[in-house]
Amino acid sequence: MPKAKVLIVGASIAGPATAFWLTRAGFEVTIVEQAPELRRGGNGVDVRSEALAVVERMGLSRAIKERALVNQGMRFVDRDDQQCVRIAAADVERLVGSEDIEITRGDLARLLYAATESDVEYIFGDTVSELQQDDIGVTVAFTHRPPQRFDFVIGADGMHSGVRRLTFGPENAFRIFKHHYYAVASADLRVGEQHWTTFYNEPGKSAAVYRGEPGHGLINFIFHSVNPIDYDYRDVDAQRRLLRNAFCDLGWHVPALLDAADAAPDFYFDALDQIKLPSWSMGRVVLVGDAAYCASPASGAGALLALTGAYRLAGELSSHAAPQQAFARYEAAQRPLVASKQAHLFTYITVPRTRFGIAARNLFLSTSLPRTLARLPSRKPKDLYNYRSAPSE
Ligand SMILES: Cc1cc2nc3c(=O)[nH]c(=O)nc-3n(C[C@H](O)[C@H](O)[C@H](O)COP(=O)(O)OP(=O)(O)OC[C@H]3O[C@@H](n4cnc5c(N)ncnc54)[C@H](O)[C@@H]3O)c2cc1C
């Protein structure tokens, strides 16, 4: 029986993770990524709870731990660089029982790529321009290649998903504005303490530096905006200008951070928005990761949702001959986790809107945080449903 052919669009976290499981279940997988090579960039993302079980089953746990960021905690400073609050990661882990691993998005993407490149056909520098589906498959037109026929198409192409636009309609219908924008980049700055992330706030603005080993560091900016900003999310120079406009009047080390953002080849800017759709599939096209249910980078749950969604989607597709049944079960399994992560953003902690809010946040973190954390449900690693993979159709 011929193998079912699957096209996955997007080679970051959700795409290669879905490919990993599908190839092991006997599917023939192609991934198309619009960037000319695997994209670099991204600050630390957390691999936690059920995602720890996913990477364990992928055999990637050790490699992820080896590349984990050594992040000893968070420091909040004022404009004179005086420390206001200090939170050690070890104390938080002890209180909430977490075994989270923090790794840069770029390193996680590279590990997933390395784990799949020998079994998956990767196409870089191209994208889909048209999808025409019928009862038994999807004819895909590409921007630079001849059309091809697939049994399924999976959109793993992030918040601004092209697959979602072609299948479900314009982004605006599914995007929830959350009033913040963020920028991240790598930067080697001697700011703050080594292996700590140092935050500086002004009302509605946060600038932060993670200082790693010499030669390695990350910077992160977040700013509040009452209204959506009209910008082209593909125009990186315009995004750098937007960032500079938002932060040009700030002190501390912000001018050096802005210069570093200008120089960084992996500068990344986006909104801290969410994506919500009533259904994640239509016929033989299905979405996974941020394309389907971005919880916002402020949720800290992007990697968790991408890895668990990939595992569940591939598990259901390989267990059911009928795609509609598989997609319905994937949604039923993944939606509760998505809903819980979309319910909480922590911008009132990272980006207080007023001076009073900054002072209240600092007071809360230095006096009440341990009691609050001790009351939270345990964040110990959670296990997952075991799929009994059937051969592909
Ligand atoms: C460069 C980069 C930096 C990031 N930095 C952070 C960060 O610092 N903190 C954080 O919390 N989250 C960050 N994110 C988002 C984070 O990766 C996701 O929230 C999460 O990991 C889910 O991943 P995903 O694979 O669903 O989507 P994404 O990681 O957004 O990946 C989508 C992929 O699809 C590709 N793509 C997009 N459109 C198309 C198209 N039309 N055709 C083909 N390919 C397409 C993109 O180039 C990208 O490789 C970043 C994402 C990117 C791409």
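## Reading the predicted fold: strands, helices and rings

Q: What makes strand 4 (residues 73-77) count as mostly covered?
A: Four of the five residues in strand 4 are buried, and buried here means under 20% relative accessible area. Keep in mind that this is a predicted model.

Q: How do you know that strand 4 and strand 5 (residues 83-88) really pair, and in which sense?
A: Pairing takes at least two bridges, and strand 4 and strand 5 share five, in the antiparallel sense. One bridge to look for sets phenylalanine 76 against its partner in strand 5, valine 85.

Q: What stands out about aspartate 81 in the hairpin of strand 4 and strand 5?
A: That hairpin has five residues between the strands, and aspartate 81 takes a positive phi there, near 70°.

Q: What about strand 14 (residues 196-202): in which sense does it pair with strand 4?
A: In the parallel sense, again over five bridges, where at least two are needed to call it a pair. Arginine 75 has threonine 198 of strand 14 as its bridge partner, and glycine 73 stands opposite tryptophan 196 in strand 14.

Q: Which strands are the edges of the sheet with the order 5-4-14-15-16-13-17, and what makes them edges?
A: Strand 5 and strand 17, as each of them pairs on one side only. The sheet is open, has seven strands and shows mixed pairing. On average, neighbouring strands here are turned by 15° against each other, with direction ignored.

Q: What does helix 4 (residues 89-96) touch on this sheet?
A: Helix 4 packs on the sheet by touching strand 4 and strand 5, and its direction makes about 50° with that of strand 5. Helix 8 (residues 254-263) lies across strand 14, strand 15 (205-211) and strand 16, and runs at about 105° to strand 16.

Q: Why is the pair of tyrosine 231 and phenylalanine 269 called what it is: stacked, tilted or edge-to-face?
A: The ring centres are 5.3 Å apart and the planes stand at 90°. The cut-offs are 6.5 Å for a pair and over 60 degrees for edge-to-face, so this is an edge-to-face pair. It links distant parts of the chain: tyrosine 231 is in the loop between strand 16 (217-224) and helix 7 (236-247), while phenylalanine 269 is in strand 17 (residues 268-271), 38 residues apart. Both tyrosine 231 and phenylalanine 269 are buried. They also belong to one aromatic cluster with Phe177, Tyr181, Phe221, Phe223 and Phe247.

Q: And why does the pair of tyrosine 311 and tyrosine 387 get its label?
A: The planes of tyrosine 311 and tyrosine 387 are 55° apart, with 5.4 Å centre to centre. Stacked would need under 30 degrees and edge-to-face over 60, so the pair is tilted. Tyrosine 311 lies in helix 10 (residues 302-319) and tyrosine 387 in the segment after helix 14 (369-375), so the pair ties together parts 76 residues apart in sequence. Tyrosine 311 and tyrosine 387 are both buried.

Q: How do you know that helix 10 has the span its residue count calls for?
A: With 1.5 Å a residue, its 18 residues should span 26 Å, and the end C-alpha atoms are 26 Å apart, so the two agree. Helix 10 also has 16 of its 18 residues buried, so the rest of the structure largely encloses it.

Q: Why does glutamine 334 count as buried or exposed?
A: Its relative accessibility is 0%, and the cut-off for buried is under 20%, so glutamine 334 is buried. Glutamine 334 sits in helix 11, and beyond its sequence neighbours up to four places away, it touches Trp280, Tyr293, Leu305, Thr308, Gly309 and Arg312.

Q: What makes arginine 145 count as sitting over the ring of phenylalanine 142?
A: Its charged end is 5.9 Å from the ring centre, and the distance limit is 6 Å. Arginine 24 lies over the face of phenylalanine 20 too, at 3.6 Å from the ring centre.

How values were computed. Residues numbered from 1 in each chain as written. Predicted model: local features only at pLDDT ≥ 70, side-chain atom pairs only at ≥ 80, totals over all residues. Heavy atoms only, no water. Phe/Tyr/Trp six-rings, centres within 6.5 Å; stacked < 30°, edge-to-face > 60°. Helix = DSSP H or I, 4+ residues; strand = E, 2+ residues; numbered from the N terminus. Buried < 20%, exposed > 50% of the residue type's maximum accessible area, 1.4 Å probe, protein only. Lys NZ or Arg CZ within 6 Å of the ring centre and 35° of its normal. Expected span 1.5 Å × (residues − 1). Contact = heavy atoms within 4.5 Å. Axes fitted to C-alpha atoms, helices over the stretch in contact; angles between N-to-C directions.
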